[in-house]
Amino acid sequence: AVVSTQSTGSLLCEFCRVMKGQMNPRIRPIILDKISDMVRGVYDTKPKLVEQVTLPVLIEYCDSLDSVGGGATNLGSYVGRLASLLHQCVGNRLFTEVARTAPSCVATIREYLASNT
């Protein structure tokens, strides 16, 4: 099925909203994977939207980057994929934006990106 950019942007917003309050550990990786799948396509037409809705998710789950490894259910690998995609889209501005809200996450994201490039 063809999904328009408008509806993909809305879906990205909804997935990020759900992810912010997600307590079920089995669902988190699935939702993060879906968010990551949409980032690049939505960023091409709505870059500000991507930054507004995905950065809070990245910041909320950046602590999981410390535990990367250990299989497909490991949340850190999914958070890392999102961090990598956002860095590809916005470049080093990612660190500036994250530092505004969660300065402690900047070092964690930098270390992850440096070790996984």
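What percentage of the 117 residues in the protein do buried residues make up? The share is 44%. The structure under review is a predicted model, and the points below take its elements in turn.

1. Overall architecture. The secondary structure of the protein consists of six helices and zero strands. Read from the N terminus, the order of elements is α-α-α-α-α-α. Among contacts with a sequence separation of 6 or more, 64% join residues that lie 24 or more positions apart.

2. The nonpolar core. The largest nonpolar core contains 38 residues, and Leu58 and Ile109 are those with the most contacts inside it. Two or more residues of this core come from each of helix H1 (5-20), helix H2 (28-45), H3, H4, H5 and H6. H4 supplies the largest share, nine residues. As background, nonpolar side chains tend to be buried together in soluble globular proteins.

3. Leu58. This residue is located in helix H3. Leu58 has a relative accessible area of 0% and is therefore buried, the cut-off being under 20%. Once neighbours within four places in sequence are set aside, the contacts of Leu58 are with Val79, Leu82, Ala83, Leu86, Leu94 and Ile109. For one of these partners, Val79, the C-alpha to C-alpha distance from Leu58 is 6.6 Å, at a sequence separation of 21 residues. The partner Ile109 is named with Leu58 as a residue with the most contacts inside the largest nonpolar core.

4. Val53. Helix H3 also holds Val53. Val53 counts as buried because its relative accessibility, 17%, falls under 20%. Setting aside neighbours within four places in sequence, Val53 is in contact with Leu12, Cys13 and Cys16. The C-alpha atoms of Val53 and Phe15 are separated by 9.2 Å, although the two residues stand 38 residues apart along the chain.

5. Helix H5. Which residues of H5 are buried? They are Leu94, Phe95 and Val98. These residues lie on the same side of H5, because they cover an arc of only 95° around the axis. The general geometry is that an α-helix has 3.6 residues a turn, so residues three or four places apart point the same way. The packing partners of the buried residues of H5 are H3, helix H4 (75-90) and helix H6 (103-115). One of these buried residues, Leu94, appears again among the contacts of Leu58.

6. Helix H6. Cys105, Val106, Thr108, Ile109, Tyr112 and Leu113 are the buried residues of H6. The elements covering them include H3, H4 and H5. Ile109, which belongs to this group, is also in contact with Leu58.

7. Ser64 in the loop. Ser64 is found in the loop between H3 and H4. Is Ser64 buried or exposed? With a relative accessible area of 13%, Ser64 is buried, because the value lies under 20%. Not counting residues up to four places away in sequence, Ser64 touches Leu75, Gly76 and Val79. Val79 is also one of the contacts of Leu58. Ser64 and Gly80, 16 residues apart in sequence, have their C-alpha atoms 8.6 Å apart in space.

8. The largest pocket. The volume of the largest pocket is about 180 Å³. Its lining is made up of Lys20, Lys48, Glu51, Gln52, Leu55, Pro56, Ile59, Glu60, Glu97 and Thr101. Two elements, helix H3 (47-60) and helix H5 (93-101), give two or more residues to this lining. H3 gives the most, with seven residues. By residue class, the lining has five charged, three nonpolar and two polar residues.

9. The place of H3. The preceding points may be read together for this helix. H3 contributes the most residues to the lining of the largest pocket, and H3 also gives two or more residues to the largest nonpolar core. Within H3, Leu58 has contacts that include Leu82 and Leu86, whereas the contacts of Val53 include Leu12 and Cys16. H3 further packs against the buried residues of H5 and is among the elements that cover the buried residues of H6.

Methods:
Residues are numbered from 1 along each chain as its sequence is written. This is a predicted model: local features need pLDDT of at least 70, side-chain atom pairs count only at pLDDT 80 or more; totals for chains, interfaces and linings use all residues. Side-chain values use heavy atoms; hydrogens and water are left out. On a 1 Å grid over the protein atoms alone, a cavity is a set of points where a 1.4 Å probe fits but cannot get out, and a pocket is an open set with protein on both sides within 12 Å along at least five of seven lines; lining residues have an atom within 4 Å of a point. Grid points are joined across faces, edges and corners, and a volume is the space filled by probe spheres set on the points. Helices (H or I, at least four residues) and strands (E, at least two) are DSSP runs, numbered from the N terminus. Ala, Val, Leu, Ile, Met, Phe, Trp, Tyr, Cys and Pro count as nonpolar, Asp, Glu, Lys and Arg as charged, and the others, Gly among them, as polar. Buried means under 20% relative accessible area, exposed over 50%, partly exposed in between (1.4 Å probe, protein chains only). The arc is that of the directions from the helix axis to the C-beta atoms. Contact means heavy atoms within 4.5 Å. A nonpolar core is a set of buried Ala, Val, Leu, Ile, Met, Phe, Trp, Tyr and Cys residues joined through side-chain atoms within 4.5 Å.
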